[in-house]
Amino acid sequence: MKASVSEPSRSEEISKIRSPKAITLIGVIIAFYILAMVGVTTAILVRESLQGDKIVQSRTAAQSFARGGIDAVKVIRNTNQLLYGADENCWNTLNDEIVDISNCDENLIQETYYTLKLDLEDNFSKLYLEQVAGDRANTFNPGYQIYECTLADAVFYANSSYANPEANNCISTDFYRQIQIEYEMVDGSPANPENAEMMVITSTVSWIADGRENTFSITEDLNRY
Amino acid sequence: MLSYLKNKSGSTPVIFMTIVMVTMMIMVSNLAPLIIRNIQRAAEMGASDQAQAVANSAISRAEAYIYGYCEGGCNYSDTTVVEENVIYGDYTIKGLSAKNIDEGDDMYYVPIPGYGDAGENCDPDAPGSVDEDCNWNRIDYGHTISVPLYVDGEDQFDGTEFYLKVRTPACDDDDLECSANERMLIACADGVVVEARNGCDYEEDLVVMTWRIEGDDTFAEGDTWTEIVWGDESRPDLLNSEIFTTHINDVSWDIPEDYVVLNIEDSFSGSAVGAILADLLGVFGSMTNPVLKLSFVQTIKSGDGDPLPYLEYQIVTDEPISNDRSFIEVIGYNEFRGDTFYWPKEATVYPYPDTFINYAFQN
């Protein structure tokens, strides 16, 4: 008698694969694969979303700081005009007390780069421009760093007047604000601080995000009249 | 396919995950553009800020030009540039009287047609007839307006026609005592309303406005002096500097209403050489830098006893003069990533202060 050992036919193999257990296993593997794909995609998406949100926040803050720089210089000009008269020689002085308004040349804002400070020890009443130490043209000069300060339950952002801001309820931010002052005549020709008709202010805010340097600038002109 | 899978119990996780995947993909496809758009929007806000800043700069430049370079009124246009062809602002100054394109009479008007502040929603491109409110300015009680009767670069009025017009405000729609197209009447001091000129008693016919013209003149030997001239008769004669109650009523109601209270043929008195204004202001006039000043000096009421806080005025000439104020129109541009961001802005400058300058025609 011949024993017969038969090879499983192809149709039998297929029927094994199609058995409920096999299909469940393949389904689970595919499902996990899809889950993994979706999970990775979602993680990437969330990360990009947070980064995108941070970029938007940083840009918006930078634009606000830049606008604030222009407005602050405008306040200084307007204060000078109220104190000394419009179209007078002291319209473009630093916010210092002028003793002799017929001769304010020594107090004039010169053509260079400044940091804009708020006098925190004088009830926030005084904004003033100050030249910083080191490379003034470098927008990341530490002298341009903006601080978030808390004083009398109020939070505000400024280039602190404190020598050591961190010791006075101030936290350093990622932002640096540089104010550049230039002078022109109405027709755009160069002028000096004594005879200029226009002050050209460029407020540049710089910050680092993801290892990249970013800047945003606004330029605006003020007249002496 | 789905019906096949539905019949297989092991396919349930695949169906579930497929649904999850499709859902997530839809979310991804919607969220990604949203994030990108937000980043773009933040950058565009910055670009818009820069356009606004250069528009502010253009306003400043225009103001500086008016105060520094326009001795009389001037029309002028220029551009201020932050970055060539990228960030720049165009500004235009309108400071001269102009013709009324709808009237077509070749005369020049102050206010610039379509810019009058007696009207609302005015359109300079369609100013309407010269009697439309948009072609008249308001003058409030206690105020003085100054109008140089020359233009920047010249120092004389070289025309042959000059009219100063004054009128009362139009009646309110709900005023039953006068129709919509009529103008209010000013009550005399005793409350009586009289349309006819000099219809009130002299003491009751109060002076409401006064005019004067200030300028320079030069002796033959070259020295300059301050000339003081005025209307040559005492009120109630019209040839004086006093514009009184029934005078305004009369010119506002007389048919046809011309509203003229002063013209170049009127007489004057004073130190100037000549007899009528044309001797000073005309082609052969000797006065330089003449400035008309008109003051509203008396509180007035209507016949109902309601106060009239303002009157309206218009000046008509056959040669350009300065407008009493200068209009600045600017547009700041920023070409950013293929798009143009722009910021329009307008301003009005009153360059002529309410103070005596050099001379006066007055009564």
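Reader: In what order do the four strands of the open sheet in chain B run?

Author: In this predicted model, the pairing within the sheet is antiparallel. The edge strands are β1 (75–83) and β17 (339–349) of chain B, each of which pairs on one side only. The order across the sheet is β1-β2-β16-β17.

Reader: What does the twist of that sheet average from one strand to the next?

Author: The sheet is open and made of four strands of chain B. From one strand to the next, its twist averages 15 degrees.

Reader: Which residue in β2(B) stands opposite B:Val81?

Author: β1(B) pairs with strand β2 of chain B, residues 87–96, in the antiparallel sense. That pairing extends over eight bridges. Within β2(B), the residue opposite B:Val81 is B:Tyr88.

Reader: Which helix packs on the sheet, and what angle does its direction make with that of β16(B)?

Author: The helix touches β1, β2, β16 (322–336) and β17 of chain B. It is α2 of chain B, residues 12–69, and the angle with β16(B) is about 150 degrees.

Reader: Is B:Ser57 in helix α2 of chain B buried or exposed?

Author: B:Ser57 has its place in helix α2 of chain B. Leaving aside neighbours within four places in sequence, its contacts are A:Thr219, A:Glu220, A:Asp221 and B:Thr80. The C-alpha atom of B:Gly332, 275 residues away along the chain, is separated from that of B:Ser57 by 8.6 Å. Because its relative accessibility is 1%, B:Ser57 counts as buried.

Reader: How many residues of chain B are in contact with chain A?

Author: The area buried between chain A and chain B is about 3,000 Å², and carbon and sulfur atoms give 68% of it. On the chain A side, A:Leu45, A:Val186 and A:Tyr225 supply 18% of the area that chain A buries against chain B, more than any other three residues. Chain A contributes 36 residues to the contact, and the number in chain B is 36.

Reader: What pattern of helices and strands does chain A follow along the sequence?

Author: Chain A has two helices and seven strands. Of its 225 residues, 42% are buried. Among its contacts with a separation of 6 or more, 54% are between residues 24 or more positions apart. Read along the sequence, the pattern is α-α-β-β-β-β-β-β-β.

Reader: How much area does chain A expose?

Author: Carbon and sulfur atoms supply 53% of the exposed area of chain A. The total is about 12,600 Å².

Reader: Which element gives the largest share of the largest nonpolar core?

Author: This core has 36 residues, and those with the most contacts inside it are B:Leu149, B:Met209, B:Leu281, B:Leu294 and B:Leu311. The elements that give two or more residues include β6 (144–148), β8 (207–218), α3 (245–253) and β14 (288–296) of chain B. The largest share is four residues, and it comes from β8(B).

Reader: How many residues are in the other core, which lies apart from it?

Author: Among the members of this other core are A:Ile70, A:Met185, A:Ala196 and A:Val205. Its residues number 29.

Reader: Why is β6(B) largely enclosed by the rest of the structure, and how many of its residues are buried?

Author: B:Thr144, B:Ser146 and B:Pro148 point one way from β6(B), B:Ile145 and B:Val147 point the other way, and all are buried. The strand counts as largely enclosed because the buried residues number five of the five.

Reader: Which residue is the bridge partner of B:Pro148 in β14(B)?

Author: β6(B) pairs with β14(B) in the antiparallel sense, over five bridges. The partner of B:Pro148 in β14(B) is B:Val291.

Reader: How many of the nine residues of α3(B) are buried?

Author: The buried residues of α3(B) include B:Thr245, B:His247, B:Asn249 and B:Asp250. Their cover includes β7, β8, β11 (242–244), β12 and β15 of chain B. The helix is largely enclosed by the rest of the structure, because its buried residues number eight of the nine.

Reader: What is the relative accessible area of B:Val316?

Author: B:Val316 lies in strand β15 of chain B. Not counting residues up to four places away in sequence, B:Val316 touches B:Met107, B:Tyr108, B:Tyr109, B:Glu161, B:Phe162, B:Tyr163 and B:Lys165. B:Val316 is buried, and its relative accessible area is 4%.

Technical notes. Residues are numbered from 1 along each chain as its sequence is written. Chains are lettered from A and ligands numbered from 1 in the order in which they are written. This is a predicted model: local features need pLDDT of at least 70, side-chain atom pairs count only at pLDDT 80 or more; totals for chains, interfaces and linings use all residues. Side-chain values use heavy atoms; hydrogens and water are left out. Two strands pair if DSSP finds at least two bridges between them. Axes are lines fitted to C-alpha atoms, for helices over the stretch in contact, and angles run from 0 to 180 degrees between N-to-C directions. Contact means heavy atoms within 4.5 Å. A nonpolar core is a set of buried Ala, Val, Leu, Ile, Met, Phe, Trp, Tyr and Cys residues joined through side-chain atoms within 4.5 Å. Buried means under 20% relative accessible area, exposed over 50%, partly exposed in between (1.4 Å probe, protein chains only). Accessible areas come from the Shrake-Rupley method with a 1.4 Å probe; for residues, only the protein chains shown count as cover. Buried area is the accessible area (1.4 Å probe) that two parts lose on being put together, summed over both.
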